[in-house]
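User: Please take a close look at one part of this model. I would like its polar and charged side-chain pairings set out in order, with burial for each residue involved.

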Amino acid sequence: MQPLSDVEPGARVRVVEVSAGRGLKLRLEHLGLFPGARVEVLSNSGGHVLVRAMGALVSLSRGIASK
């Protein structure tokens, strides 16, 4: 198991766990990032990680992507 911040661009992965507080978990859930969701990492460079989740593009800070 590895955080989204460590996943190579082009990889398709399944979210296993979100290690965050209640508020952030709820926010990420609304963005389509919850346990069981399948996401594709589009870009992982610089300060942000760009993923496609449930058909939407989501930009995550490196800190949030590591959770």
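Analyst: What follows goes through one strand and its partners, then a nearby topic, a loop residue. The model is predicted.

Start with strand β2, which covers residues 38-45. E40 sits in this strand. N44 is placed there as well. Each has polar or charged partners, taken in turn below.

E40 comes up in two pairings. One is a salt bridge with R12, where the closest N and O atoms are 3.9 Å apart. This pair links distant parts of the chain: E40 lies in strand β2 and R12 in strand β1 (residues 12-14), 28 residues apart. The cut-off for a salt bridge is 4 Å, so 3.9 Å qualifies.

The other pairing is with R52. Here the salt bridge has its closest N and O atoms 3.8 Å apart. Again distant parts of the chain are linked, with E40 in strand β2 and R52 in strand β3, 12 residues apart. Through the shared partner, R12, E40 and R52 form one network. The salt-bridge count by this rule is two.

Now burial across that network. E40 has a relative accessible area of 19%. Buried means under 20%, so E40 counts as buried. R52 is partly exposed, at 36%. R12 is exposed, with 69% relative accessibility. The network therefore joins a buried residue, a partly exposed one and an exposed one.

Next, N44. With a relative accessible area of 18%, N44 is buried. A polar atom of the N44 side chain lies 2.7 Å from the backbone oxygen of V7. The side chain of N44 also makes a polar contact of 2.8 Å with the side chain of R62. What else does N44 touch, leaving aside neighbours within four places in sequence? The contacts are L4, S5, D6, V7, P9, V49 and R62. V7 and R62 thus appear in that contact list, and each also has a polar pairing with N44, at 2.7 Å for V7 and 2.8 Å for R62.

Last, the loop residue. M54 lies in the loop between β3 (48-53) and β4 (56-61). Its phi is positive, about 55 degrees, although M54 is not a glycine. M54 has 65% relative accessibility. The exposed class starts over 50%, so M54 counts as exposed.

Terms used: Residues are numbered from 1 along each chain as its sequence is written. This is a predicted model: local features need pLDDT of at least 70, side-chain atom pairs count only at pLDDT 80 or more; totals for chains, interfaces and linings use all residues. Side-chain values use heavy atoms; hydrogens and water are left out. Helices (H or I, at least four residues) and strands (E, at least two) are DSSP runs, numbered from the N terminus. Buried means under 20% relative accessible area, exposed over 50%, partly exposed in between (1.4 Å probe, protein chains only). A polar contact is a pair of N or O atoms within 3.5 Å; within protein, one must be able to donate a hydrogen and the other to accept it, and residues adjacent in sequence count only if both atoms are side-chain atoms. Contact means heavy atoms within 4.5 Å. A salt bridge is a side-chain nitrogen of Lys or Arg within 4 Å of a carboxyl oxygen of Asp or Glu.
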